[in-house]
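Have your viewer ready and the chain loaded. We will go from one selection to the next and see what each one holds.

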Amino acid sequence: AMIVAAVFMLCPTAAYADGSDENKLGSQRGAGQEYDGVDIDSFYNTSPEQQLISSSRANYTDIEDANVAEKAAMLREFGIMEGEDDKFMPERAVTRAEVAEAAVRVRNADAETLAGTVNARFYDVTPEENVYVYAAAALGLVNGYPDNSFRPNAPAEGEEILKILIYAAGFGSVAEAMGGFPNGILALSAQMKLHLKMNDDRTVSRADFASLLTELLEADAARISGYDGDSGAIINYTDNVLSYYHKIYKISGIVTMNGITSTDNSNVCRGKVTVGGTMYDDEDGRFAGFIGYRVNCWYRDDGDKYPILYMKQSGNADTVTISCDDFIGYSDGKITYYDKSDRTRSITLQRDFEVIKNGVYLKRFDKSIFDFKAGKMTFIKDGNASGYGLVLMEEYENYIVSAAELSGDRLNIKTKY
């Protein structure tokens, strides 16, 4: 067979607010193209949840529970708790050193500076080996044992973990006003809806510690605003730990612009994402796949920039994904298709439904948009809407090639025949 050279455009080109039409591999590449056994995936090949967890670094490979995976990813993005390489070790008991480190990170304290203020030394760990242990000691969050050891690798115990975290978050005076340790700690944690789950030996798994940490970070901060002669301390609940110590804030809304395209005719700005009508920074395009979805997201206020750290789908949005092979047709506002059991199903589109095809918002289209040979469509219905209002389309062609070379925004391929 004759070998020919082909130039394959990875995706349609989008116009940006600065007037350029730059096309970037990685944020706009087309789906399903296979060459030499390698699959070129687009943002839309995975669900937003899967995309989120793998958006900045590789997934932890040892977490099977989706809820634990979400919390582990969130804590990593917030800089509070991490695993080792691609392992989170969810079932292992959290150690005293790990609790000390998380506590210092919760406070967003300068560990190096704090550790330098501690004159005493634990004989089994030095500041050079673990600066966070000494920083936590400087903050009065942890103590050693009578033999001058710290036992950094020993499992931490439940109530003590709660005490360290509550004091790290700045709620120590409130806990003392409520009775101190352990009763005041337990009473305050109950009011803040913190759930401590312990093993039979009173240790806490890293998975359960991660859950406790995320609850602490998002709990309303307990502050003493004054004292009453009859009832004692007056406790108010204000901004949460994330906003108080880290300037990290949570917002919700629909993603209408993702740095590649927009669903509301607004300007498209590279490295930006619009959520709920407000633009935030997303320099790496990590969250582009959430276009059209209602989300919760957390961003940090850096003064001149507002980078998104974490995003996940929220609300009761309904999604239906249909492959080209299962698609039957479109007529009178309805999509007909075969489900996994080969039964005929249909969904209703909103009258003014919108289409994003291969990452680009289409301002004009007709029903022929549904005529394509390879790909898939994801239909999104937000909340209690009467029909599906957004269609994410991926259309592609398959090539069997003998060689491939990436040049700028083009993939140069040689077909076998």
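## Starting with the cysteines

The structure holds 0 disulfides. Keep in mind throughout the tour that this is a predicted model. Select Cys297 first: its relative accessibility is 0%, so it counts as buried. Then pick Cys324, which counts as buried because its relative accessibility of 15% falls under the 20% cut-off.

## The whole chain

Now zoom out and colour by secondary structure: the chain comes to 10 helices and 19 strands. Of its 417 residues, 46% are buried. If you like contact maps, take the contacts with a separation of 6 or more: 57% of them join residues 24 or more positions apart. Switch on the surface, and the chain exposes about 21,000 Å², with carbon and sulfur atoms supplying 44% of that area.

## Into the cores

In soluble globular proteins, nonpolar side chains tend to be buried together. Which residues have the most contacts inside the largest nonpolar core? Select Phe78, Ile161, Phe209 and Leu213 to see them; the core they belong to has 65 residues. Stay on Ile161 and show what surrounds it: leaving aside neighbours within four places in sequence, Ile161 is in contact with Val94, Val99, Ala156, Val204, Phe209 and Leu212. A second, separate core has 19 residues, and Val273, Val295, Tyr299 and Tyr361 are among them.

## A buried arginine

Next, go to helix α3, residues 96-107, where you will find Arg96. Is Arg96 buried or exposed? Its relative accessibility is 8%, so Arg96 counts as buried. Display its contacts beyond four places in sequence, and the list includes Asn143, Gly144, Tyr145, Phe150 and Arg151. Also in contact with Arg96 are Pro152, Ala154, Pro155, Ala156 and Glu160. Ala156 may look familiar, as Ile161 is in contact with it too.

## The open sheet

For the last stop, select the five strands in the order β8-β7-β6-β9-β10: they form an open sheet with antiparallel pairing. At its edges are β8 (278-281) and β10 (308-313), each pairing on one side only. Ignoring direction, neighbouring strands of this sheet are turned by 45 degrees against each other on average. Helix α2 (residues 66-78) packs on the sheet and touches β6, β9 and β10; its direction makes about 160 degrees with that of β10.

Finish by zooming in on β6 (residues 248-257) and β9 (residues 294-300), which pair in the antiparallel sense over 7 bridges. Here Ile248 stands opposite Arg300 in β9.

Conventions:
Residues numbered from 1 in each chain as written. Predicted model: local features only at pLDDT ≥ 70, side-chain atom pairs only at ≥ 80, totals over all residues. Heavy atoms only, no water. Core = buried A, V, L, I, M, F, W, Y, C linked by side-chain atoms within 4.5 Å. Buried < 20%, exposed > 50% of the residue type's maximum accessible area, 1.4 Å probe, protein only. Contact = heavy atoms within 4.5 Å. Disulfide = S-S within 2.5 Å. Helix = DSSP H or I, 4+ residues; strand = E, 2+ residues; numbered from the N terminus. Areas by Shrake-Rupley, 256 points an atom, 1.4 Å probe, with all protein chains shown as cover. Pairing = 2+ DSSP bridges. Axes fitted to C-alpha atoms, helices over the stretch in contact; angles between N-to-C directions.
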